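Colleague: Could you take a close look at one part of this model for me? I'd like to start on the outside and see where it leads.

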Amino acid sequence: MKKSIIIALVLALYLPALAQQEEDRCISNEISIGYGFHPVSGDEFLPDGSMFRHWIDKVGAFYGTYTHFFNNVVGVGGTYCFDPRIIDYSYTGSLTNNPLVCSLNESCHSVMGHLKLNCINKRHFVLYAKFDAGICFWDYKLTEYQPELFGVDLPTQHCCFAWQIASGIEVGNERIAGFLQLGAGMEGNYSIGIRYKFKNRAQ
């Protein structure tokens, strides 16, 4: 339901851009770096929800993008996203007095292609929509505290589908701007960052 609402909002914002008649076709390239809060990534495993609980220390997502614009509205590019986190698993039964079972350091790496649409493109303000799709890889570093009592089996799957649906604003000038992005996916529910656009090339 949340994804459908976000997609509907993004399309509603983008449709007016399709009707705009641009006098100049401008080719440009841009890069950006950002930090996202509450990303959707990685994996969780819990053997028995009635006997075990877990605590997740999420650092957040760090990501970088490159986008090539064919005109003032439509751009395509790539995104790399890194999401580290620590998960502590504890035991809630009476078998032992030490509740901590293990700690799992997880590193999640996402590589995605994206489509970026500048719905409103002004000199000092840009409203955009962004759609990403790709693949996510993750690895683990496991620390066991009571291996004689609890055998911990790591997940066998190490990759999954990576995605991001978002809309955002950029405030600054044509070359450098800060951005705020809202959405869902590997880059987080909301994120902040800086965008740098290279010199435009008009056709």
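Colleague: Which residues form a nonpolar patch on the surface, and about how much accessible area do they have together?

Modeller: Bear in mind that this is a predicted model, with local features needing pLDDT of at least 70 and side-chain atom pairs pLDDT 80 or more, while totals for chains, interfaces and linings use all residues. Numbering runs from 1 along each chain as its sequence is written, and side-chain values use heavy atoms, without hydrogens or water.

Your patch is Ile120, Phe125, Ile169, Val171, Leu180, Leu182, Tyr190 and Ile192, with about 640 Å² of accessible area together (Shrake-Rupley, 1.4 Å probe, only the protein chains shown as cover). To join such a patch, Val, Leu, Ile, Met, Phe, Trp or Tyr side chains must lie within 5 Å, with over 30% relative accessible area and no salt bridge (Lys or Arg side-chain nitrogen within 4 Å of an Asp or Glu carboxyl oxygen).

Strands E7 (159–172), E8 (176–185) and E9 (190–197) each give the patch at least two residues. Leucine 180 sits in E8, and its relative accessibility of 38% is why it counts as partly exposed (20% to 50%; under is buried, over is exposed).

E8 also takes us inside. There is one cavity of 30 Å³ or more, meaning a set of 1 Å grid points where a 1.4 Å probe fits but cannot get out. The largest cavity has a volume of about 80 Å³, counted as the space filled by probe spheres on points joined across faces, edges and corners. Its lining has 13 residues, with Ser32, Thr65, Lys116, Tyr128 and Lys130 nearest the centre; a lining residue has an atom within 4 Å of a point. E8 supplies at least two residues of this lining, as do E1 (26–37), E3 (61–69) and E6 (125–144). The largest share, three residues, belongs to E3. By class, the lining has six charged (Asp, Glu, Lys, Arg), three nonpolar (Ala, Val, Leu, Ile, Met, Phe, Trp, Tyr, Cys, Pro) and four polar residues (the others, Gly among them).

Follow E1 and you reach glycine 36, which counts as buried because its relative accessibility is 0%. Glycine 36 and glutamate 187 are 151 residues apart in sequence, yet 5.3 Å apart in space, C-alpha to C-alpha.

Stepping back, the chain has one helix and ten strands, taken as DSSP runs numbered from the N terminus (helix: H or I, at least four residues; strand: E, at least two). The helix comes before the strands in the pattern α-β-β-β-β-β-β-β-β-β-β. Of the 203 residues, 40% are buried.

Technical notes:
Patches are made of residues with over 30% relative accessible area and no salt bridge: like charges are joined within 9 Å, nonpolar side chains (Val, Leu, Ile, Met, Phe, Trp, Tyr) within 5 Å. Buried means under 20% relative accessible area, exposed over 50%, partly exposed in between (1.4 Å probe, protein chains only). On a 1 Å grid over the protein atoms alone, a cavity is a set of points where a 1.4 Å probe fits but cannot get out, and a pocket is an open set with protein on both sides within 12 Å along at least five of seven lines; lining residues have an atom within 4 Å of a point.
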